[in-house]
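The exercises below concern a single protein chain and are to be worked with the sequence and the coordinates at hand. Each task is followed by a solution in steps.

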Amino acid sequence: MPLFSVVVVDYDGSVPRDRALRGLASVAAQRCRDFEVILLHDGPRRNGSYERELEGLDFPMLRIVESGQRIGDWGHSLRDRGIGLAAGDWIIHFNADNILYPEALATLAAETDKSSGFSVEVHHEDDGTRRRMAVSDPRIMVFPVLMRGMAIVAGHLIRFPEFDEAFSIVLSGLPPLHNRVDCMQVVAHRDLWREVGGWYDKSEDSDWKIYEHLFDLAYPRYVPRILGEHW
């Protein structure tokens, strides 16, 4: 079984095909080869076959799954289906317009070797006791990304698509607040995803709602290295 399952969601019209192929090429170029790719397409395909276009990319394992009809829920049903199909120990949710840097999976793989989480002793002034409090959990990680063409305006994250290549901000992923976390940043163990019920919320802003739930169950280990980009 692979260490990672990279769940990629796409449908015609959501992401230009050249950007989708760029994102998939960044996954294929990973130095760590212990992964599978599950490419879920919200069909029908109008832009031709992915199989033909991906012939030149070297994936250790690749599964292409096409849904019978367009669902139109921002790819959330596809993410949930990918969780159910995943064979890897860890699941990475990857939108077709994302980019992973070549060392991304290798960096995350090194973190999975740290089998235990971290905790600290905290003094509670109310009752005078000292308790061990979890700082990170070995079942979940979060890493920062560059958000291309985005800026914070009056406390809100605003996207300016015409400036994708001109500027970017670093999105840490912590805390998992609305417009402060992207789906590619949170890497959780397959068992934890199934414990939380998969991608159970299909609303437009489901990302942060689900991640708040995940972080209530297991506070993530922070990986202090930018490993990808969101376009």
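**Exercise 1. Cysteines**

How many disulfides does the structure hold? Account for the result with the two cysteines Cys32 and Cys183.

*Solution.* The model is a predicted one.
Step 1. The count of disulfides is zero.
Step 2. Cys32 takes part in no disulfide, and the nearest cysteine sulfur, that of Cys183, lies 20 Å away.
Step 3. A disulfide requires two cysteine sulfur atoms within 2.5 Å. The sulfur of Cys183 therefore cannot be bonded, because the closest cysteine sulfur, in Cys32, is 20 Å from it and too far for a bond.
Step 4. As to surroundings, Cys32 is buried, at a relative accessible area of 13%, and Cys183 is buried at 0%.

**Exercise 2. The strand pairings of strand 8**

Determine which strands are joined to strand 8 (residues 145–148), and in which direction they run.

*Solution.*
Step 1. Strand 8 and strand 11 (residues 168–171) run antiparallel and are joined by four bridges. Within strand 11, Leu171 is the bridge partner of Val145.
Step 2. Strand 8 and strand 14 (residues 228–230) run parallel, with two bridges between them. Here Met147 has His230 as its bridge partner.
Step 3. Consider next the side chains of strand 8: Val145 and Met147 point one way, Leu146 and Arg148 point the other way, and all are buried.

**Exercise 3. The largest pocket**

Describe the largest pocket by its volume, its lining and the elements that contribute to that lining.

*Solution.*
Step 1. The space in the largest pocket amounts to about 950 Å³.
Step 2. Its lining comprises 33 residues, and those nearest the centre are Asn95, Asp182, Glu204, Asp207 and His230.
Step 3. Two or more lining residues are given by each of strand 1 (4–10), helix 3, strand 10 (156–159) and helix 6 (206–217). Strand 10 supplies the largest share, three residues.
Step 4. By class, the lining consists of 16 nonpolar, seven polar and 10 charged residues.
Step 5. His230 links this exercise to the preceding one: this residue lies among those nearest the pocket centre and is also the bridge partner of Met147.

**Exercise 4. Backbone geometry**

Which peptide bond is cis at Pro175, and what is the phi of Trp74?

*Solution.*
Step 1. Most residues other than glycine have a negative phi, and most peptide bonds are trans.
Step 2. The bond from Leu174 to Pro175 is cis, with omega near -10°. Pro175 is located in the loop between strand 11 and strand 12 (186–189).
Step 3. Trp74, a residue other than glycine, has a positive phi near 65°. Trp74 belongs to the loop between strand 3 and helix 3 and is partly exposed, with a relative accessible area of 44%.
Step 4. Arg70 lies in the loop between strand 3 (62–66) and helix 3 (76–85) and is partly exposed at 32% relative accessible area. Arg70 and Tyr11 are separated by 59 residues in sequence, while their C-alpha atoms are 8.2 Å apart in space.

**Exercise 5. Helix 4**

Is helix 4 (residues 104–112) mostly covered or mostly uncovered?

*Solution.*
Step 1. Of the nine residues of helix 4, seven are buried, and the helix is mostly covered.
Step 2. The buried residues are Ala104, Leu105, Thr107, Leu108, Ala109, Glu111 and Thr112.
Step 3. An α-helix has 3.6 residues a turn, so residues three or four places apart point the same way.

Terms used
Residues are numbered from 1 along each chain as its sequence is written. This is a predicted model: local features need pLDDT of at least 70, side-chain atom pairs count only at pLDDT 80 or more; totals for chains, interfaces and linings use all residues. Side-chain values use heavy atoms; hydrogens and water are left out. Buried means under 20% relative accessible area, exposed over 50%, partly exposed in between (1.4 Å probe, protein chains only). On a 1 Å grid over the protein atoms alone, a cavity is a set of points where a 1.4 Å probe fits but cannot get out, and a pocket is an open set with protein on both sides within 12 Å along at least five of seven lines; lining residues have an atom within 4 Å of a point. Grid points are joined across faces, edges and corners, and a volume is the space filled by probe spheres set on the points. Ala, Val, Leu, Ile, Met, Phe, Trp, Tyr, Cys and Pro count as nonpolar, Asp, Glu, Lys and Arg as charged, and the others, Gly among them, as polar. Two strands pair if DSSP finds at least two bridges between them.
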